[in-house]
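Got the model open in your viewer? Here is a short backbone tour, with a few stops to select along the way.

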Amino acid sequence: MESLRIIDTWPVTTAAAAVVRADGTVLGTHGPAGHRFPLASVTKPLAAYAALVAYEEGAVELDEPAGPEGSTVRHLLAHTSGLAFDEHRVTAPPGNRRLYSNAGFEVLGDHIAKASGIPFAEYLRQAVLEPLGMTSTNLDGSPARDGVSTVDDLVRFAAEVQTPRLLDPRTVLEAQSVVHPGLKGVLPGYGHQSPNDWGLGFEIRDSKSPHWTGNTSSPATFGHFGQSGTFLWIDPVAGVACVALTDRAFGPWAAEAWTPFTDAVLAELS
C-alpha cells in the first residue's frame, strides 16, 4: 500500500506500519516490521484480551469486586474504577467518571494473577501471545504500559480481534461496545471529551474531536495509542486494522501526522 510510505515523512528515527483485513490478509507493510518497539499504552489492549480470556475460562467474572470499594473488573477495564491516572489513589466513585488510569490496569493484572495463581505476564503469554504466535512480544513490568512488540506480531493480534479464535465473538463485541455510556473524561493528549467512550480495554472513537484516528474513520473504530508513539486501530466498517509503531514519544508531531495518515490509508482502501 502506497499510503503506508507516508511514515517515511514522520520526524522519527524508526517507524513501521501495516494494514490487515479481518480474514488475516496483510494488505501491506512498510518499515522494519520485525523491529521491537516499546508499546506504552498499546499494551492495554493485549492485557485486556488476556483479562477476557480469564473471564471466559472462569478465573474471574466481569462484575466481581476488584480494585477500590464498589469497583469491579469491568470498571477497571473501562477506566471507571475511580483510580487516579498513575497513583493507587481513589479520586471518584466507581462508574461516576471516565478517569484514564494506568493504576487501574495494574490492579487488574494483580487481581487476575491472584485469581489464576499465575503471574500476569505469564498469563498473558499463555493466554494470548503464544496461541497467536506473537513470539517477539513480551511484558516485563506494568500491564498498563510495559509491553514490547513488533508490527508483525501486532498484525496477528489485530486479525484475532477482528475474527476471534481465542474468545467468543460476543465477548469481543462487548469489548468494543461502550461501557457506562455518556461519561465525560480526558483522552490523554487530546483533552476533555464528552462523552469519552470506552469499551473493555479498547478506546472507542465515536464522535470524539480531536482524535488520533482519521477524520474519515467510522464512529465504530476502536483501538489504542501509546505515549511511545504507537497506535493500533480497528475500523469494523472498513473491515481493516492498522498498526503503526515508532521510536519517538507522542507529541504534537503525532497529533499532526496520524490523522492524515489514517485518512490516506482509508482512502486507498476505498
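**Stop one: a histidine in a loop**

Select His79: at 2% relative accessibility, this residue counts as buried, because the cut-off for buried is under 20%. Keep in mind that you are looking at a predicted model. Now check the backbone here: His79 is not a glycine, yet its phi is positive, about 60 degrees. To get your bearings, colour helix H2 (73-77) and helix H3 (102-116); His79 sits in the loop between them.

**Stop two: an aspartate in another loop**

Jump to Asp206, in the loop between E8 and E9. What is the sign of phi at Asp206? Positive, at about 50 degrees, although Asp206 is not a glycine either. Is Asp206 buried or partly exposed? Partly exposed: its relative accessible area is 23%, so Asp206 falls between the 20% and 50% cut-offs.

**Stop three: along the loop to a cis proline**

Stay in the loop between E8 and strand E9 (222-226) and select Pro210, which is placed there. Show the backbone of Ser209 as well: a cis peptide bond joins Ser209 and Pro210, with omega at about 0 degrees.

**Stop four: a cis proline before E8**

Now go back along the chain to Pro195. Which elements flank its loop? Strand E7 (191-193) on one side and strand E8 (203-204) on the other. Add Ser194 to the selection and look at the peptide bond joining Ser194 to Pro195: this one is cis, and omega is about 0 degrees.

Methods. Residues numbered from 1 in each chain as written. Predicted model: local features only at pLDDT ≥ 70, side-chain atom pairs only at ≥ 80, totals over all residues. Heavy atoms only, no water. Helix = DSSP H or I, 4+ residues; strand = E, 2+ residues; numbered from the N terminus. Buried < 20%, exposed > 50% of the residue type's maximum accessible area, 1.4 Å probe, protein only.
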